[in-house]
Amino acid sequence: MKSLICVLFLCQALIANAQSHYQGPIIDMHVHVAVLPGESGNLGAPNTILDILPLLQPNHMSNAGIITIAHAGNMTETRSRNDSLLRLHELLPQLIPICSVHPMDTTAAWEEMARLKSKGVDILKLHPSAQHFDVAAPQVAALAEKAGDLHMALLFDSYSPEDANELGKLMMLAINHPNTQFILAHMGFVHFKELLAIQAWKRYAWYKNNIWMDVSAIAPIMGGNSPFTAQIRWVIRQIGVSQFLYGSDFPLFTFKESIAAVRRMGFTPAEEQKIFHDNALRLMYLTKTSQK
Ligand SMILES: [Zn+2]
């Protein structure tokens, strides 16, 4: 009898735990996929599409934003990378191609952006520290303007250990290009509190709410059981949960651990639904339909 009561309590606890979290489909907007020979494993674990695909369904992932990162001065390779993502998207439409160009390739990069948009690409990945450029460079501003003209969102890595002002530069880039949607990956990571400026900017008519953030890396490293969890959750709620996207940064973090980390951050199921799914849909709809 005693053991039956224990089992009943355990079942109740499991049901309560399941009900306290969003259980629907998950859209991961930050998945690094290897597309060139020798690239798989460079981020710590195998990450060809064949490594990724079997993991989608067990983790309730309906869509994955697959990312590549372009190198400067090699447009042949850049186009090849981007074409690889386009082919994967053609074969498996649940994969969202997040292609890349390098801002210092200027006109060639802009031509590539137009080509990609004509093939249905709506998001580009830029990584200032990995691609070795300064966010304040005029070529980056030119690219951001072009992205707005094409209705493309820019997914920027938003943390550099070498440039303490990088997050501020990204936020100013977004203000100066209000028709372009910006996604700040890792929500500034250790600089996350600086994002609170957005809460103040929202009071001004000139602020177009064009800054989105993903919780990749910051959730598994600083969410969950860290002393920063409550601060990060508070910052997200102050800015507005509707601006935050889920991303795993696979293969740096497994899908399982990054999803679990977000669930440990103390959001309501309704907030989790926005972060894990609805906000990404809204952003993608915006890039398909927004008019300058
Ligand atoms: Zn990443």
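These are my notebook entries on a predicted model, running from its metal site to its sheet, its rings and its pocket.

**Entry 1: the zinc site**

I began with the metal. Which residues coordinate the zinc ion? I found His30 and His32, each through NE2, and Asp249 through OD, at 2.1 to 2.2 Å. Along the chain, the donors follow the spacing H-x1-H-x216-D. I then placed two of them: His30 sits in strand S1 (residues 26-32), while Asp249 is in the loop between strand S8 (244-245) and helix H11 (255-263), so this pair ties together parts that are 219 residues apart in sequence. Buried or exposed, I asked of His30 and Asp249? Both are buried.

**Entry 2: the sheet**

Next I followed the strands. Eight of them make an open sheet, in the order S1-S2-S3-S4-S5-S6-S7-S8, and the pairing is parallel. At the edges stand S1 and S8; each has a single partner strand, so one side of each is left without a neighbour in the sheet. I looked at the S8 end in detail. Strand S7 (residues 211-214) pairs with S8 in the parallel sense over two bridges, and the bridge partner of Met213 in S8 is Phe244.

**Entry 3: strand S5**

I wanted to know how many residues of strand S5 (residues 153-157) are buried. The count came to five of the five, so S5 is largely enclosed by the rest of the structure. Its side chains point two ways: Ala153, Leu155 and Asp157 go one way from S5, Leu154 and Phe156 go the other way, and all are buried.

Then I checked the partners on either hand. Strand S4 (residues 123-126) is joined to S5 by four bridges, and the two run parallel. S5 also pairs with strand S6 (residues 182-185), again in the parallel sense, over four bridges. I used Phe156 as my marker: Leu126 stands opposite Phe156, and the bridge partner of Phe156 in S6 is Leu184.

**Entry 4: aromatic rings**

My search of the whole structure turned up eight aromatic pairs. In one, the rings of Trp201 and Trp206 have centres 6.4 Å apart and planes at 55 degrees, so I noted the pair as tilted. Trp201 has 15% relative accessibility and counts as buried, whereas Trp206, at 42%, counts as partly exposed. Phe250 and Phe255 form a stacked pair, with 4.4 Å from centre to centre and 15 degrees between the planes. Both Phe250 and Phe255 are buried. I also traced a cluster in which ring pairs link Trp201, Tyr204, Trp206 and Tyr207.

**Entry 5: the largest pocket**

How much space lies in the largest pocket? I noted about 500 Å³. The lining has 25 residues, and those nearest the pocket centre are His32, Leu43, Ile69, His127 and Leu252. I was pleased to meet His32 again, since it is also a zinc donor. By character, the lining divides into twelve nonpolar, eight polar and five charged residues.

**Entry 6: Arg263**

Last, I looked up Arg263. I found it in helix H11, and at 23% relative accessibility Arg263 counts as partly exposed. I also compared its position with that of Tyr207, a member of the ring cluster. The C-alpha atoms of Arg263 and Tyr207 are separated by 31 Å, and the two residues are 56 residues apart along the chain.

Technical notes:
Residues numbered from 1 in each chain as written. Predicted model: local features only at pLDDT ≥ 70, side-chain atom pairs only at ≥ 80, totals over all residues. Heavy atoms only, no water. Donors = N, O, S within 2.8 Å, 3.2 Å for Na, K, Ca; no water. Buried < 20%, exposed > 50% of the residue type's maximum accessible area, 1.4 Å probe, protein only. 1 Å grid on protein atoms, 1.4 Å probe; cavity = no way out; pocket = protein on both sides within 12 Å on 5 of 7 lines; lining within 4 Å. Points joined across faces, edges and corners; volume = space filled by probe spheres on them. Nonpolar A, V, L, I, M, F, W, Y, C, P; charged D, E, K, R; others polar. Phe/Tyr/Trp six-rings, centres within 6.5 Å; stacked < 30°, edge-to-face > 60°. Pairing = 2+ DSSP bridges.
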